[in-house]
Structure formats: C-alpha cells, structure tokens
Amino acid sequence: MIKSMTGFGRGEQKFPGGKISIEIKTVNHKFFDATLKLPNSIIVFEDKIKEILQRSIKRGKINLNMIYEGKLLKEESIKINKSAAKKYYMELAALKKHLGLKDEIAIKDIITLPGVLDYSAEDAGLSQFWPKIKSALDKALANLLVDREKEGKATYLDLIKRSRIIMRSLATIKSRAHLNINEYRKKFADRVRDLTGGRELDMGRLEMEVAIFAKNSDISEEIARLTNHISNFNKTISVNGEVGKKLDFIAQELHREINTIGSKASDFKISKNVIEIKGEIEKIREQAKNLE
C-alpha cells in the first residue's frame with residue numbers, strides 16, 4: 001500500500017532512574033531530509049539514528065525530537081586539537097595575506113574545521129545507553145509508519161476515485177469522437193450552400209475537406225495512450241514502495257494527452273469532459289506530492 005509522507009509517531013522507554021521520549025514528525029519533501037534535536041550527551045548517536053530512519057523512510061522532511069529525563073548520563077568529553085587549530089590558523093593567515101584580505105580570522109572560523117574538535121563517546125555508561133535509545137526510537141518509528149500508512153490508504157481511495165472519474169469522462173469522449181466528424185460534414189455542407197445560394201454541392205470536394213478535418217482532429221491515438229496511462233496509474237498506486245515521483249510523471253503524461261485532445265476536438269461535450277479530466281489530473285498531482 002502507498003504511504004503518505006505526512007505522519008507523526010511517539011515512543012518512550014522508561015528505565016530505573018530515567019526516561020527517553022522520542023517524537024517524529026514528517027511532511028512532504030522531494031528527498032530524505034532529517035533534522036534531529038538531541039540532548040548534548042546523546043548527539044554522538046545522531047548518524048546512527050539517521051541511518052535507522054532512512055531504512056524505513058525513503059522520502060520526506062523529518063523532524064525528530066528526543067527528550068531525556070534522568071541523571072545517568074555524563075557529558076561526553078570534548079577535546080580541542082590545538083596543534084590542528086594552529087596549523088589551520090597559519091594557513092588561513094597566509095591565504096588572507098596572499099589575497100589581500102582585511103577580515104580578521106575569528107575562533108568560529110577555525111573551531112568547526114575538521115579535526116579541531118574531538119568528541120569522545122567511549123564512556124561505558126553512554127555506550128550501554130544506546131539500547132534504551134533504540135527501543136524508544138523503534139516505538140516512535142513504528143507509530144509513525146502506521147500513521148503514514150493510514151493516510152496513504154485514504155489517499156489511495158481518493159486516487160482510485162479520480163481514476164474512475166477520468167475513465168468515465170474518457171468513455172464519453174470516445175463515444176463522441178466520430179460525431180465530431182459527422183457534425184463537421186453537416187456544418188461544412190450547410191455553410192457552402194449558404195455561400196453559393198443553395199447550389200448543388202461538389203461531393204468530391206466535400207469529402208476531401210471532411211477527410212482533411214478527420215485527419216487533423218483524429219483523437220484515437222490520444223485516447224489509447226490515455227487509457228494506457230490510467231492503467232499504469234492504477235497499477236502503480238497498488239504496489240508498495242516509492243510511488244510519488246512516478247505518479248507525478250504519469251500525471252504529466254495524462255495532462256499532455258488530454259491537452260492534445262482538447263486542441264483537436266470542436267465538440268462541446270468533448271471539450272466539457274476535457275475540462276473535467278484536467279481538473280482531476282491536477283488533484284492527482286497535488287496528492288502525488290505528498291506520497292513517498
């Protein structure tokens with residue numbers, strides 16, 4: 001079943017002397033983008049947490065907030081590599097002189113450079129703390145996925161509805177495609193009679209004009225391609241995995257074909273159904289933006 005990119009999940013893990021609470025909120029985004037708000041003493045596990053998130057969430061903007069209550073953790077030790085900092089300063093000073101710059105070199109320019117700050121997470125208590133974090137994270141992630149799947153199901157039902165509306169309108173267009181040519185034949189014959197004062201028509205010329213019109217207004221290929229795209233659309237929303245980008249592409253193709261039909265057809269009812277189909281395609285594109 002398809003999944004929405006929007007969801008919320010919460011999990012907590014209690015233990016003697018403390019508790020960890022994790023909340024995860026996700027919204028739509030083109031790519032995987034995780035922002036973690038962690039206690040200072042747990043920030044060393046940031047990459048580990050992101051790795052776990054990415055296994056289950058392929059696309060979306062993720063905001064994770066972790067709250068730790070307790071006194072079991074010690075702050076990890078932070079060491080400054082003074083030798084590396086000095087080398088960076090000397091190189092920056094030389095570069096500044098070479099470029100003729102006047103800006104001062106501040107501590108903030110050096111402190112974030114690779115190898116200057118060393119975070120040590122070797123404390124045994126901190127290492128043993130990971131299973132507690134993992135437990136709370138697993139619970140929050142499980143609840144999040146349930147929420148995303150629930151919204152995904154609602155979106156699936158809406159997309160199926162849109163697909164059926166498009167197919168009904170397309171059936172009407174198909175049923176009137178030949179009438180479009182017949183109406184043109186009649187209108188063209190009436191117009192010629194009006195212009196010639198009711199004289200007998202040159203049937204050969206009439207049929208040639210109708211044949212040219214029929215060729216230029218033939219929408220059978222567009223109808224066939226639209227039908228295939230809808231079939232592909234229905235198959236796509238029925239499978240697991242990432243479908244949002246593919247659905248957006250299919251919607252673009254649907255829009256391309258229905259635009260061509262609209263430009264070729266002169267029948268009022270065909271034009272009316274073209275407008276209805278365009279409206280449904282726009283709704284599909286909006287829904288696809290929120291699917292993983």
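Here is a quick tour of the salt bridges in this structure, with a closer look at Glu292.

Keep in mind that this is a predicted model. The salt bridge count comes to 17, and three of those pairs get a look below, along with a small network. The pair to start with is Arg148 and Glu292, which form a salt bridge with their closest N and O atoms 2.6 Å apart.

**Arg148 and Glu292**

- Arg148 sits in helix H4 (residues 124–196) and Glu292 in the segment after H8, so this pair ties together parts that are 144 residues apart in sequence.
- Both partners are out of the way of solvent by the numbers used here: Arg148 is buried, and so is Glu292.
- For Glu292 the relative accessibility is just 2%, and it counts as buried because the cut-off is under 20%.
- The two side chains also show up as a polar contact, again at 2.6 Å.

**Around Glu292**

- As for where it sits in the chain, Glu292 follows helix H8, which covers 268–288.
- Leaving out residues up to four places away in sequence, Glu292 touches Lys3, Ser4 and Met5, and also Ser56, Ile57, Lys58 and Arg59.
- Its contacts further include Gly241, Glu242, Val243 and Gly244, plus its salt-bridge partner Arg148.

**Arg55 and Glu51**

- Arg55 pairs with Glu51 in a salt bridge, and here the closest N and O atoms are 3.2 Å apart.
- This one stays inside a single helix: both residues lie in H1 (residues 46–56), four residues apart, or about one turn of the helix.
- Arg55 is exposed, because its relative accessible area of 54% is over the 50% cut-off.
- Glu51, at 47%, is partly exposed.

**Arg10, Glu12 and their network**

- Arg10 makes a salt bridge with Glu12, with 3.2 Å between the closest N and O atoms.
- Arg10 has a relative accessibility of 37%, so it counts as partly exposed.
- Glu12 comes in at 25% relative accessibility and is partly exposed too.

**Back to the buried pair, then the network**

- To recap, the salt bridge between Arg148 and Glu292 has its closest N and O atoms 2.6 Å apart.
- Elsewhere, salt bridges with shared partners link Arg10, Glu12, Lys19 and Glu23 into one network.
- As general background, side chains of opposite charge can pair when their charged atoms come close.

Conventions
Residues numbered from 1 in each chain as written. Predicted model: local features only at pLDDT ≥ 70, side-chain atom pairs only at ≥ 80, totals over all residues. Heavy atoms only, no water. Helix = DSSP H or I, 4+ residues; strand = E, 2+ residues; numbered from the N terminus. Buried < 20%, exposed > 50% of the residue type's maximum accessible area, 1.4 Å probe, protein only. Polar contact = N/O pair within 3.5 Å; in protein donor to acceptor, adjacent residues only side chain to side chain. Contact = heavy atoms within 4.5 Å. Salt bridge = Lys/Arg side-chain N within 4 Å of Asp/Glu carboxyl O.
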